[in-house]
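Here is a note for a colleague who is opening this structure for the first time. The points below are meant to be read alongside the sequence and the model.

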Amino acid sequence: GPGIEQDVLEKLFNPFFTTKPAGEGTGLGLSLSHDIVVQSHHGELSAASVPGEFAEFTIVLPRQGQSP
């Protein structure tokens, strides 16, 4: 995609935030994803972007129970 503007990037994980027209989206997808990764799995979900160039989402999950 074309990247995400900074003002949108700051609100990306807020519940009910959407850039779609009214009636075309709930704005819950990234908010729910954030809750699952961060609250349920104690991980990190972040987004980085350069408008006009790229958008990158990073998910980091903690490692549990290492094999010998």
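1. In this predicted model, the largest pocket has a lining of 14 residues, and those that lie nearest its centre are Phe17, Thr18, Thr19, Gly27 and Leu30. The space in this largest pocket comes to about 200 Å³. Helix H2, which covers residues 29–40, supplies the largest share of the lining, namely three residues. When the lining of the largest pocket is sorted by class, eight residues are polar, five are nonpolar and one is charged.

2. As for the overall fold, the protein has two helices and two strands, and their order along the sequence follows the pattern α-α-β-β. The protein is more spread out than a compact globule, because its radius of gyration is 15 Å, well over the 11 Å that the globule rule gives for 68 residues. The C-alpha trace spans about 50 × 30 × 15 Å along its principal axes, and 16% of the 68 residues count as buried. Among contacts between residues at least 6 apart in sequence, 36% join residues at least 24 apart.

3. The largest nonpolar core consists of seven residues, which are Ile4, Val8, Leu9, Leu12, Phe13, Val37 and Leu45. Leu12, one of these core residues, touches Ile4, Phe17, Leu30, Ala47 and Phe57 when residues up to four places away in sequence are not counted. Two of the residues touched by Leu12, Phe17 and Leu30, are also among those that lie nearest the centre of the largest pocket.

4. Is Ser31, a residue of helix H2, buried or exposed? Ser31 has a relative accessible area of 4% and is therefore buried, the cut-off for that word being under 20%. Not counting residues up to four places away in sequence, Ser31 touches Phe13, Asn14 and Pro15, and of these Phe13 belongs to the largest nonpolar core.

5. Pro2 is placed in the segment before helix H1, which covers residues 6–9. With a relative accessible area of 61%, Pro2 counts as exposed, since that word applies over 50%. Leaving aside its neighbours within four places in sequence, Pro2 is nevertheless in contact with Val50, Pro51, Gly52 and Glu53. Pro2 and Pro15 are 13 residues apart in sequence, and their C-alpha atoms are 23 Å apart in space; Pro15, for its part, is in contact with the buried Ser31.

Methods
Residues numbered from 1 in each chain as written. Predicted model: local features only at pLDDT ≥ 70, side-chain atom pairs only at ≥ 80, totals over all residues. Heavy atoms only, no water. Core = buried A, V, L, I, M, F, W, Y, C linked by side-chain atoms within 4.5 Å. Buried < 20%, exposed > 50% of the residue type's maximum accessible area, 1.4 Å probe, protein only. Contact = heavy atoms within 4.5 Å. 1 Å grid on protein atoms, 1.4 Å probe; cavity = no way out; pocket = protein on both sides within 12 Å on 5 of 7 lines; lining within 4 Å. Points joined across faces, edges and corners; volume = space filled by probe spheres on them. Helix = DSSP H or I, 4+ residues; strand = E, 2+ residues; numbered from the N terminus. Nonpolar A, V, L, I, M, F, W, Y, C, P; charged D, E, K, R; others polar. Rg over C-alpha atoms; globule rule 2.2 N^0.38 Å.
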